[in-house]
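Trainee: I should like to take a close look at a single part of this structure, namely one place where two helices pack. Would you please describe that part in full and then set it in the context of the chains?

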4 protein chains.
Amino acid sequence: MSNTFAYLGPRGTFAQTAILRLPAADGAELVPAESVPNALSMVRSGEVAGALVPIENSVEGAVPTTLDGLSHGDTLEIVAEIAIPVEFSLLVRPGTTLKDITRIATHPHAHAQCLEWLSVNLPGVHVLPAMSTATAASDLSEGANFDAAICARVAAEYYNLEILADNIGDSDAAWTRFVLVQKPGHALPASGNDKTTVSLFMMENHPGALQEILTEFTVRGIDLTRVESRPTKKQLGAYFFSIDFEGHIDDERVGEALKGLHRICADVKFLGSYPRHDHTPEPVKSAVNNEAFLEADQWLSNLRKRV
Amino acid sequence: MSNTFAYLGPRGTFAQTAILRLPAADGAELVPAESVPNALSMVRSGEVAGALVPIENSVEGAVPTTLDGLSHGDTLEIVAEIAIPVEFSLLVRPGTTLKDITRIATHPHAHAQCLEWLSVNLPGVHVLPAMSTATAASDLSEGANFDAAICARVAAEYYNLEILADNIGDSDAAWTRFVLVQKPGHALPASGNDKTTVSLFMMENHPGALQEILTEFTVRGIDLTRVESRPTKKQLGAYFFSIDFEGHIDDERVGEALKGLHRICADVKFLGSYPRHDHTPEPVKSAVNNEAFLEADQWLSNLRKRV
Amino acid sequence: MSNTFAYLGPRGTFAQTAILRLPAADGAELVPAESVPNALSMVRSGEVAGALVPIENSVEGAVPTTLDGLSHGDTLEIVAEIAIPVEFSLLVRPGTTLKDITRIATHPHAHAQCLEWLSVNLPGVHVLPAMSTATAASDLSEGANFDAAICARVAAEYYNLEILADNIGDSDAAWTRFVLVQKPGHALPASGNDKTTVSLFMMENHPGALQEILTEFTVRGIDLTRVESRPTKKQLGAYFFSIDFEGHIDDERVGEALKGLHRICADVKFLGSYPRHDHTPEPVKSAVNNEAFLEADQWLSNLRKRV
Amino acid sequence: MSNTFAYLGPRGTFAQTAILRLPAADGAELVPAESVPNALSMVRSGEVAGALVPIENSVEGAVPTTLDGLSHGDTLEIVAEIAIPVEFSLLVRPGTTLKDITRIATHPHAHAQCLEWLSVNLPGVHVLPAMSTATAASDLSEGANFDAAICARVAAEYYNLEILADNIGDSDAAWTRFVLVQKPGHALPASGNDKTTVSLFMMENHPGALQEILTEFTVRGIDLTRVESRPTKKQLGAYFFSIDFEGHIDDERVGEALKGLHRICADVKFLGSYPRHDHTPEPVKSAVNNEAFLEADQWLSNLRKRV
């Protein structure tokens, strides 16, 4: 359905918080997906027009299931991104107080980020693992055998819970970046403030491979914003590079860089060009903006015709 | 205690499988640790002489808690590494058969890696999350309310369980790389086949920063084996680089490269030089081996004395 | 006249030797020019169809008047090159013997290259400067007040002189490289074994400028065969780069590199693409041959249409 | 003799003008040398303490005999440089006027630089070659069969000639750079504003060789001020690189760069570090000044002792 978007569920996760703030999803019907692979499948099958999934967070780094899910199967493209602060709250059934709590549930990652607050405020509390922070909230509201859940604030309203404490995470600056993925055909034109995501597979694992790749970017004045060598899963020590960089596939400098990468890589998997929301980029240098490329095309063309 | 080593527990995890194969831990008393931070604390406090913790796996990539745990607090060093295949088994209480199983427990990551086998062999089974694969086995053996656990084969003998199926992971080539960390003072001398791990923090997030870093390596003929830009957790879009490269801190070329990095980075965190176990490296080029460096030192020294 | 070619005269110079061996000048009428600027003027005015002038020799390096003469004035292009060994002979009027010689004439450069032979065979001989080696031969034949000339062997037949000694140069391997220049419109198509000459003027004299220029070549797999920073004559310390590189302007990799240089330089002066005659080049790497470029164009084009 | 310096003679050349302005030669006895090789021999034999020879001029570029003379034979070092404007004058015997002139003599290079003035003021004049501009003046004063000489103004006083016209060169900005060479042992310590000259011979003529060389400089923040690939004279197409760069051999960054070059080159010929006189350099970046190098040495040293 063209106006339904999925997000990594269940209701009450940070993904829901994120999609509610995403202009691209304004007015859309929103449905939770069980998992990232599930969300991507819903897009591929046409069940939904798009899906919002996490791609990176400040504590764990990149989200492998998303990067891998995009790299395999029918082509999907990132068309938008949004980053939101990850603020954990302690939710309880109405009436529960801090001293009543002996067992809490949450996702292990969330647990890892609230250790300090727990050791001070709930020393000795028993922590149960949950499939997601929202699952913990949901189970809590349905009478599960524990007293509190660590999850996003937004979960309180979905599951009729009370917020006993806010901002209990150890880091003030935790955040998660989500991306909206759709089938090809929905990408926005270049906005002058874009980012592109690619996966680069090497011909072979030769020394200097990363240097060669980076040179394809720097010679065209393109800055990387994220780079990771990731295992290919096929063999110990075989890697591919997952890279985000500034610019849009329709920018001349990006097009030429992608062609250069295509020539030297075994495979270049293009995962989308989309407006960036994290911070204002450096302005594009005059030697590598579209005008400079087009002017150089014209110059060479005249030179080649030099009769 | 100088002959006790910790590993990421509980008993029956892949970390235990790994430490049993690690020559450096031969003859040592082995104790499970509850978590990576716990394992590192045990080393820092002197409770154990070293700890084996996972640092990278072929499905998830780098293990953030390990990289971060090493980067903060009193200095620890990686002194050895080992990589082992991750093979999942389905364990049950004696007597249980496949058709008896309606609920299973495992760690979410393990679940994610066995989806295909489960959809074919146990369609519709209910999966409960556990804090680790070994916890699932342990709980199963103690009569928990589920019928099977997905975990390492080795767990069967610790928890008196039966192996109903082996190799149920979707990927034949999954592996986890573990590192042994100790206090400074236990590193081995250069073996000619070493690897070094560092964390590099930039002066500022300037374009071309990664290119500059890589050049410090390539100009001294050093190959990277892993690179990741990781969030600093302080600010959206601020990154540091976590890097593994070939060579030992006592190799001349590595020393000069580290000094170059120290000059251009805000901070270089050295996490250890240790014999590599993953694959045979390229031989060191003659222009950058120790002899070449020492001969060049002598040459310059004579030239500077040129009276 | 379309079938007349000039060469740096007078008759009997190495330029004449060279043009007689140049396939491109086969069957043409050949006329000597007084100087390099004169030869270039004859081409620009249409008086001759082309001119052969020296561009580099193994003793003096590049020939400034040629590089500068090509860089200024109406556009001319190098369309062919030829390198010939520079072998000096001692020429005399018929009947003169070695012991009769007390004064010889030659061009100062030739003198500089025969010092050893002269010190052994004609110690104490007085050497007079001549405008060219052939002028010395010509003057000698006309009865000038000296006894011998050092010049090319070929001068003997033009000026009715005798060869008293051959190969009297100090270096066995001296050579001069000549280029044939014509008005635009006569360049040959890419042969797969070509060379291109350019002059590159920087935006400003900034550090790293040469590194940037070289990167435009290396990222497209193009090797340089000659590079010089030459004074611009406008200001002490202001330079431009005179560069020869492998490949033809119509090769895809060369076209892209030229465009890149055009974007980052204040001016790129194209001086011609022409078949190389000096040695067999490395074969072009598969990542940067024309097929690779065209295939990448197609790939990007499809990706951009990704609807 | 320790207080006698030679210069490229004869008296009245620009070299004499230059050495009179050179602080290093203040109070020294000055003697003209016949040629550059002769000047260098006088230093090598101990006949003079040093010699001033031209190394580069704005019209011709580098002076091959000087670069080659320094690269072969007993080691000499450049210890100072000076650049002076090249201003040509027309000198005549007393009483001669412009309309009396039908034949003039000068060095061919000087002739080439005065073509415009001659075509306007002495159209059709006959020009005779001389071994140097000062030789022309000297011969003129001794009654040679021509009417004027083009040479340095200073020649008038040595040869009792009159200056008929000044500044007759076509370019206002012509200059020649001279260097003072001595035996090793006279170099000045680093001044913070130095330049170094080297000749770099490659292992083999491999693609990317120049890029590798430049990287040794850029990774240590060193700017080149001149670069030339020059024929080795041994074989057509075999080159070495003649390079000037900012900094002094006793600077840490320069020492490390020289060692790097020594490792990758077949031979590094050091031709001297000396105070620069052409223009103020960029200040050295804080990451590559001596303090940064020494601090990094200390840091690595502590790290290697990490017990």
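Mentor: In this predicted model, the part to examine lies in chain B, where helix H8 (residues 209-218) packs with helix H9 (residues 252-264) at an angle of about 160°, their axes being 8 Å apart. Because angles over 145 degrees count as roughly antiparallel, H8(B) is described as roughly antiparallel to H9(B). The crossing of these two helices, H8(B) and H9(B), is right-handed.

The residues that make the contact can be named on each side. H8(B) contributes B:Glu212, B:Ile213, B:Glu216 and B:Phe217, and these meet B:Ala257, B:Gly260, B:Leu261 and B:Ile264 of H9(B). By character, the residues of this contact comprise five nonpolar, one polar and two charged. The charged ones are B:Glu212 and B:Glu216, whereas the polar one is B:Gly260, since Gly is counted among the polar residues.

As for the setting of chain B, a turn of 180° with a shift of 0.0 Å along the axis lays chain B on chain D with an RMSD of 0.1 Å. The two copies are therefore related as by a two-fold rotation axis. Both copies use the same surface, as 100% of the contact residues of chain B recur in chain D.

Other pairs of chains remain apart. Chain B has no contact with chain C, and the closest C-alpha atoms of the two lie 13 Å apart. Chain A likewise does not touch chain D, their nearest C-alpha atoms being 13 Å apart.

How values were computed. Residues are numbered from 1 along each chain as its sequence is written. Chains are lettered from A and ligands numbered from 1 in the order in which they are written. This is a predicted model: local features need pLDDT of at least 70, side-chain atom pairs count only at pLDDT 80 or more; totals for chains, interfaces and linings use all residues. Copies are superposed by least squares on the C-alpha atoms of residues with pLDDT of at least 70 in both. Two residues are in contact if their C-beta atoms, placed from the backbone, lie within 7 Å. Axes are lines fitted to C-alpha atoms, for helices over the stretch in contact, and angles run from 0 to 180 degrees between N-to-C directions. Helices (H or I, at least four residues) and strands (E, at least two) are DSSP runs, numbered from the N terminus. Angles under 35 degrees count as roughly parallel, over 145 as roughly antiparallel, 65 to 115 as roughly perpendicular and the rest as oblique. A crossing is left-handed if the near helix is turned anticlockwise from the far one by less than a right angle, and right-handed if clockwise.
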